[in-house]
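Here's a quick briefing to read with the structure open beside you. Take the topics in any order you like.

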Amino acid sequence: MDIQQFLELFVGRWRSQRSDHQFGEGNGSDILSVLEITALSLDNPSVVEMCQKHSIDPSSAFQPMQMSWEEESLSSNKPKGSAIVVPVVHSPQKGLIITNQGKGICEIAEDESLTIQTVTTENVIEERIWYGNPNLRFRVATVLQGNQSGDLKILSSKFYSEIRVAAPKP
């Protein structure tokens, strides 16, 4: 599987269960949410703006996506959000992922998992994504913080298991 085939599987409606741990704070949580991932056109104004911000030609993007999520909760406070994700494929195995957080490097491994590393001004975010089957996806995200000597310490780690509950909209 190459990056393009991998990313084509993203689109759809997913139920997600997240387990996370904040290191140094001794706490963790389990959260259920619904993810809606829709494909965007290359001429979508948000896609064009994000590409221009990172000096990338929008026509070099591959299947930009809008990701929206809402946590499931018994309370009236249901955190939600959205993000635009713009993949730029350089080869069948390597590329870039552009988000609101910045620009990340992505690579497909021999085991058909996708690794994304995004460096921000404060942190390094490392994410690994793989499929059990086309409708079952797993993700591990780790947030690392650097210090003056270049050492990294883990701030948080999250594990997601996600089941596709609706196919992509035509």
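How many aromatic pairs does a search of the whole structure find? The search turns up four aromatic pairs, where rings of Phe, Tyr and Trp (its six-membered ring) pair if their centres lie within 6.5 Å, and planes under 30 degrees apart count as stacked, over 60 as edge-to-face and the rest as tilted.

Before going on, keep in mind that this is a predicted model, where local features need pLDDT of at least 70 and side-chain atom pairs count only at pLDDT 80 or more, while totals for chains, interfaces and linings use all residues. Residues are numbered from 1 along each chain as its sequence is written, and side-chain values use heavy atoms, with hydrogens and water left out.

**Aromatic rings**

- Phe138 and Phe159 make a stacked pair, with 6.2 Å from centre to centre and 20° between the planes.
- Phe138 is in strand β9 (residues 136–146) and Phe159 is in strand β10 (residues 152–166), so this pair ties together parts that are 21 residues apart in sequence. Helices (H or I, at least four residues) and strands (E, at least two) are DSSP runs, numbered from the N terminus.
- Phe159 is partly exposed, at 36% relative accessible area. On that scale, buried means under 20%, exposed means over 50%, and partly exposed is in between (1.4 Å probe, protein chains only).
- Ring pairs also join Phe6, Phe10 and Tyr131 into a cluster.

**Charges over rings**

- Arg128 sits over the face of Trp130, at 4.4 Å from the ring centre. The rule here is that NZ of Lys or CZ of Arg is within 6 Å of the ring centre and within 35 degrees of the ring normal.
- Phe10, from the ring cluster, has Arg137 over its face, at 4.9 Å from the ring centre.

**Cysteines**

- The disulfide count is zero, taking a disulfide as a pair of cysteine sulfur atoms within 2.5 Å.
- Why is Cys51 not bonded to Cys106? The closest cysteine sulfur to that of Cys51 is in Cys106, 14 Å away, which is too far for a bond.
- Cys106 is in no disulfide either.
- Both sites are out of the way: Cys51 is buried at 0% relative accessibility, and Cys106 is buried at 2%.

**The largest pocket**

- The largest pocket has a volume of about 950 Å³. A pocket is an open set of points on a 1 Å grid over the protein atoms alone, where a 1.4 Å probe fits, with protein on both sides within 12 Å along at least five of seven lines. Grid points are joined across faces, edges and corners, and the volume is the space filled by probe spheres set on the points.
- Which residues are closest to the centre of the largest pocket? Of the 34 that line it, they are Trp69, Gln101, Glu127, Arg139 and Tyr160; a lining residue has an atom within 4 Å of a point.
- By class, the lining has 17 nonpolar, ten polar and seven charged residues. Ala, Val, Leu, Ile, Met, Phe, Trp, Tyr, Cys and Pro count as nonpolar, Asp, Glu, Lys and Arg as charged, and the others, Gly among them, as polar.

**Positive phi angles**

- Most residues other than glycine have a negative phi.
- Gln63 is not a glycine, yet its phi is positive, at about 45°. Gln63 is in the loop between α2 (45–53) and β3 (65–72), and is buried at 17% relative accessibility.
- Glu112, also not a glycine, has a positive phi of about 65°. Look for Glu112 in the loop between β6 (102–108) and β7 (114–119); it is partly exposed at 36% relative accessibility.

**Sequence gap and distance in space**

- Asp30 is in strand β2 (residues 27–39) and is exposed, with a relative accessible area of 58%. Its C-alpha is 4.4 Å from that of Ser19, and the two are eleven residues apart in sequence.
- Glu71, in strand β3, is buried at 19% relative accessible area. Between the C-alpha atoms of Glu71 and Ala166 there are 17 Å in space, and 95 residues along the chain.
- Ile108 is in strand β6 and is buried at 5% relative accessible area. Ile108 and Gly81 are 27 residues apart in sequence and 27 Å apart, C-alpha to C-alpha.
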